[in-house]
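Thanks for coming. I will take a few minutes to walk through one model, beginning with what sits around its ligands.

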Amino acid sequence: MNGLAISPFIAALPKVELHIHIEGTLQPALRWKLAQRNNVALKFRDQTYGTYEELLESYRVTYNHRPELGGRKDVPTFLEAYFAGCEVLLREDDFYDLAMAYLERCRAMNVRYVEPFFDIQAHTRRGVAAEHVLNGYLRAQHDGAAEYGVRSNWIFCFLRDEPVEDGEAAYRTAFPWARHRDGGGKGLFHAVGLASNAFERPPLLFQAAFARARADGLHTTTHCDFGQKDTHEHVRQAIFDVGIERIDHGLDVLERAELVAGLNERRIGLTLCPHAYHRRTATDVLFPKLRALLDRGVTFCINSDDPVYMHDVWIDGNMQKTYHYGGLSKAEMVQLARNAVDMCWADEGVKREIYAELDAVDVS
Ligand code: ADE
Ligand code: ZN
């Protein structure tokens, strides 16, 4: 992680994670195990990973993040690598094992509460039954809280580069697993989001889908990717047209005063993932932006995105980078952790517990 070790202060800080794709936490060892269990070949295009070492080696790259910009043809794009990883996930137990491994890791990192994204269409379009995905994650939601003390409320993501109708159909299928407004439903997810390739797929395309979820009593968030060609317009639509409650990334708002004002007036926070940007952005360009957001009163919190496909940097590594390269004080780091509690959609009791822990952190 650019030579940085996690300090005891960052390691011990009670954390809330609001921007992590569960499928982006599939570690190579579990991927290998599931490939054996399900008799799935591990491959990318014409390359097969015949040994565990070859598989491990394949992660030691920085993927092309914006396929539309070209780049090396021998390296997968980020989303190609991410969806290739999904191919070993077939049965309920696979989804359960994936989620339990992540929640166990949360306990080790002092993550108290998490709102993981899941991409059901990434699985159903491969022929996996929706119930396998949803029941696997639901069982892990219960067992992760009981065994590891890590509570979670999940976020259904529409794949924005698939037809809108497909996303709406996936939502209708998944809805029995939502936490319904009237207290019914199985309680797995309490929000919807927008993920996958944002290229020419603005949030406005999904306006009716978001409206439906809102009418069902769910929360809303959307990715507005950093450095994406129409990033300002995507943020504008998200704030003013779609009326979402949170933005995932959205770091480009700094270049538009009206977007900063819109976020602040509507109390919309950003879920940032500094290491994801640091892979492609110089230190002295990136980290002053975090300071600038603080100076302009924009609420944000620190998260990890897809740690396995981003050099194994998790929320603690992202916080360490923010602390170290951003030059933030301990009190400011605690404030960022508190922002995540403010921004999350946990029950008040869960929030109160985490606030109390944060109040007790020594910032001297
Ligand atoms: N889906 C999974 N990871 C993603 C990311 N980093 N950006 C957009 N969509 C994603
Ligand atoms: Zn993301």
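**Ligand 1 and the zinc ion**

A polar side-chain atom of D306 is 2.8 Å from a nitrogen atom of ligand 1. Keep in mind that this is a predicted model. The protein covers 98% of the 260 Å² of accessible area that ligand 1 has on its own.

Two further polar contacts involve nitrogen in the ligand. A polar backbone atom of S196 lies 2.8 Å from a nitrogen atom of ligand 1, and an N or O atom in the side chain of D305 lies 3.1 Å from a nitrogen atom of ligand 1.

Which residues are around ligand 1? They are H21, F78, L79, Y82, A195, S196, H223, D305 and D306. By type, that shell has four nonpolar, three polar and two charged residues. Helix 4, residues 78–86, gives the largest share of the shell, three residues.

Now the metal. H19, H21 and H223, each through NE2, and D305, through OD, are the protein donors of the zinc ion, ligand 2, at 2.1 to 2.2 Å. Along the sequence the spacing of these donor residues is H-x1-H-x201-H-x81-D. One pair, H21 and D305, links distant parts of the chain, 284 residues apart. H21 is in the loop between strand 1 and helix 2, and D305 is in the loop between strand 12 and helix 14.

Is H21 buried or exposed? H21 is buried, because its relative accessible area is 5%, under the 20% cut-off. D305 is also buried, with a relative accessible area of 5%.

Finally, why is the zinc arrangement called irregular? Because the four donor atoms subtend angles of 86 to 174° around the zinc ion.

Terms used
Residues numbered from 1 in each chain as written. Chains lettered and ligands numbered in written order. Predicted model: local features only at pLDDT ≥ 70, side-chain atom pairs only at ≥ 80, totals over all residues. Heavy atoms only, no water. Donors = N, O, S within 2.8 Å, 3.2 Å for Na, K, Ca; no water. Tetrahedral: all angles 85-135°; square planar, octahedral: opposite > 155°, others 65-115°. Helix = DSSP H or I, 4+ residues; strand = E, 2+ residues; numbered from the N terminus. Buried < 20%, exposed > 50% of the residue type's maximum accessible area, 1.4 Å probe, protein only. Near = heavy atom within 4 Å. Polar contact = N/O pair within 3.5 Å; in protein donor to acceptor, adjacent residues only side chain to side chain. Areas by Shrake-Rupley, 256 points an atom, 1.4 Å probe, with all protein chains shown as cover. Nonpolar A, V, L, I, M, F, W, Y, C, P; charged D, E, K, R; others polar.
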